[in-house]
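Thanks, everyone. Let me put the model on the screen, and then I'll walk you through its packing.

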Amino acid sequence: MNAVVFLLSAAILAYEVVLMRMFSIAQWHHFAAMIISIALLGFGLSGTVLSLWRERLRGGFVLCTVGFVLTMPVCTWLAQQVPFTPMLIVWQPRQLLLLFAVYLLLLVPFTIGALAIGLALARSRERGRVGVTYAANLFGSGLGAIAGLLLCFLPLPVRLSEYKGLEKAMAMSGARIAWTAHHPLGRVDVVDCPALRVAPGLSMAYTGPMPTQQVVFVDGDGGSAINRAGPLDYLDWLPAAAPYQVWRMNRVLVIGVGGGAELQQARRFGATEVTGVELHPRVAELSPGVRVAEGRAFIRRSRDRYDLIQISLLDSLATSASGVGAANESYLYTVEALQEFIGHLGDNGVLCITRWLKTPARDNVKMFATAVEALERSGIAELAKHFLFIRGWATGTLLVKRSPFSPDEIGRVRRWADERAFDVDYFPGATERDVNQRNVMDEPVYFRAAQTILFGDREQFYRDHLFNVRPATDEKPYFFHFFRWKTAPHLLRTMGRQWVPFVEWGYVVLVATLAQAVVASAVLIGVPLRFAVRGSRFVVFLYFGCLGLGFMFLEIALMQKCVLFLGNPLYSAAVVIATVLVFAGLGATQAGRRVNAARGPAAAIAIITLFYAVGLSAAFNFFLPAHELVRAGLTAALLAPPAFFMGMMFPLGLARISPALLPWAWGVNGCFSVIGAVLASVLAMDFGFTAVLVTAAALYGCAGAVYRRLQA
């Protein structure tokens with residue numbers, strides 16, 4: 001039976017990973033939280049079912065195992081047929097019903113699979129071998145996490161949202177997909193479309209020809225250009241061309257190569273050494289010689305200095321405007337990241353960052369504030385002399401120098417911008433009369449924001465702004481998280497439903513998922529179990545609830561912190577999930593030898609977690625230049641001790657309670673795991689990783705404190 005539990009657990013985790021990837025392609029990646037919630041809800045719901053009909057299901061282990069295998073493809077296909085469109089939720093209430101339908105369909109296979117595992121645990125509990133079965137569950141889950149990632153190299157059957165860039169491009173005349181590649185980091189599509197041209201921020205004064213282009217989409221969105229043939233004059237008319245008009249850029253580093261237009265731009269202006277860095281290996285194949293790495297990890301290991309470091313604009317205007325990336329960590333746009341980039345500039349080097357413009361202003365305001373604090377932390381004096389901000393009709397480009405901009409440099413940039421109908425909305429010595437002259441706004445908001453950040457009450461500015469424009473840090477690396485709760489009532493009151501375009505949908509969907517998780521857990525797990533199970537429930541509720549929340553808090557916080565250290569979100573997920581589950585499985589095998597001794601493991605988890613909250617970032621910074629395999633091994637070594645003790649806590653609790661309370665414990669743990677998976681991300685965005693880790697330590701401490709009060 002344990003061998004079947006091992007394989008079944010692997011299949012369930014692999015299915016969960018594949019579903020997360022499918023929804024990232026079909027909709028957007030913030031729906032990954034919804035899939036995690038559904039999977040854990042299925043485990044919690046199985047506890048309810050076991051409590052109500054345990055005797056009837058006693059011989060149903062094989063039936064439930066087969067049921068999972070059969071319902072998995074059927075429910076996945078049916079969920080794909082539901083015409084759910086998240087962008088229409090505000091205008092079409094029926095979209096909530098469609099979302100609920102997707103929930104129910106995908107909940108079925110997870111619940112059936114979890115039932116099989118719950119039945120196996122119940123039988124093992126009767127035989128006194130619950131730790132071994134739980135270990136098989138965890139070992140299988142660890143294998144399944146890796147297997148699921150490997151499956152993502154294969155084509156996945158998905159129906160893309162009509163609001164994604166790829167679907168819009170394919171609706172144009174003559175469009176065809178020239179090449180497709182599948183990868184866990186994202187599906188890559190290269191599109192030939194005679195009617196489509198990509199040139200973000202191109203001056204409206206440009207009247208010249210455009211080259212023949214192909215367009216690269218990742219997960220059906222974004223859209224960066226591959227210039228195949230024809231003149232490249234348009235590259236001179238992009239805001240990011242400004243540094244080349246003033247300085248001789250011999251050594252250029254491009255972070256986020258995409259289709260390679262910025263590499264062509266650098267070579268066009270005579271750069272003698274051009275280095276491109278791209279996270280996605282299949283996208284990197286489109287531009288020969290590009291290095292596959294996460295930009296922050298690359299710059300940390302580099303000893304070179306550059307005349308220009310350019311952070312490319314790879315997300316689409318629609319994606320940026322909708323705020324679907326609000327829930328994603330980005331270590332390229334933090335204060336610490338800009339410090340490192342600036343530290344790798346030559347004496348007269350320039351950092352160039354381009355972002356989409358939004359109304360009301362927020363992206364570029366936040367980027368300016370981030371750069372100011374980065375220079376401030378670096379000990380650079382006279383901050384106001386180190387920035388230029390160039391604004392077109394759609395994009396803003398921030399130039400940052402280690403040395404002050406000279407009057408001659410400022411004059412040359414302003415003349416170039418004037419010729420191309422760009423505004424220089426901030427430069428040293430600027431006044432309101434000097435800005436907002438070409439692409440006229442109602443007010444010179446970017447100039448005023450820059451003045452306040454540099455010379456005014458910066459903290460008051462952050463507090464009063466409609467959006468979260470406080471600089472992102474490595475502790476809270478959510479640059480695209482602009483949503484503020486105090487903004488919602490104001491926008492609703494003044495704009496009604498027209499406020500929707502200003503909502504950061506990634507964060508809102510995450511909070512909505514949390515609310516759904518709480519309600520669903522209460523209705524499907526908490527209430528039924530409240531009336532179905534007799535005996536001393538409160539201590540069981542507290543103990544296993546703390547384990548559910550604590551396990552997810554610790555796992556998700558560590559996964560997010562390891563993104564920077566491992567240089568890739570895929571590697572972070574694979575290493576953290578596999579390490580935690582495998583070593584938790586090893587811990588579970590030892591639980592039978594330590595009956596009545598959960599306080600020690602709980603204390604060990606709490607102490608280690610608090611140590612990580614304080615010192616993990618420093619350890620990662622020290623070892624970041626090491627080889628990838630060394631960093632992966634170090635990550636596994638650091639995570640193994642707490643994971644080992646985490647694996648002991650659940651079977652130790654099960655061994656202490658009566659068999660009648662096992663379904664209640666299983667359900668409560670599942671219920672709080674559902675909530676914890678989403679709540680951990682919400683807390684990390686609002687309060688930072690340290691707060692999540694400290695909370696996890698407190699939860700395990702609480703579990704250890706109440707352990708002896710469990711019903712023996």
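**Cores and one buried threonine**

Start with long-range contacts. This is a predicted model. Take the contacts between residues at least 6 apart in sequence: 76% of them join residues at least 24 apart.

Now the overall inventory. The protein has 24 helices and twelve strands. It has 712 residues, and buried ones make up 62% of them. The exposed area is about 27000 Å². Carbon and sulfur atoms supply 62% of that area.

Next, the interior. In soluble globular proteins, nonpolar side chains tend to be buried together. Here, the largest nonpolar core holds 128 residues. Which of its residues touch the most other members? Leu-106, Tyr-543 and Phe-544 do. Helix α19, residues 538-566, gives this core its largest share, with 20 residues. Apart from this core lies another one, of 50 residues. Phe-298, Tyr-333, Leu-351 and Phe-482 are among its members.

Back to Leu-106 for a moment. Leave out residues up to four places away in sequence. Leu-106 then touches Tyr-15, Leu-19, Phe-23, Ile-35 and Ile-38, as well as Cys-75, Thr-76 and Ala-79.

Last stop: Thr-370. Thr-370 sits in helix α13, which covers residues 363-377. Is Thr-370 buried or exposed? Its relative accessible area is 0%, so Thr-370 counts as buried; the cut-off is under 20%. What is in contact with Thr-370, beyond neighbours within four places in sequence? Tyr-333, Thr-334, Val-335 and Leu-338 are, along with Pro-471, Ala-472 and Phe-479. Tyr-333 came up a minute ago, as a member of the 50-residue core.

That's the tour. Over to you.

How values were computed. Residues numbered from 1 in each chain as written. Predicted model: local features only at pLDDT ≥ 70, side-chain atom pairs only at ≥ 80, totals over all residues. Heavy atoms only, no water. Helix = DSSP H or I, 4+ residues; strand = E, 2+ residues; numbered from the N terminus. Buried < 20%, exposed > 50% of the residue type's maximum accessible area, 1.4 Å probe, protein only. Contact = heavy atoms within 4.5 Å. Areas by Shrake-Rupley, 256 points an atom, 1.4 Å probe, with all protein chains shown as cover. Core = buried A, V, L, I, M, F, W, Y, C linked by side-chain atoms within 4.5 Å.
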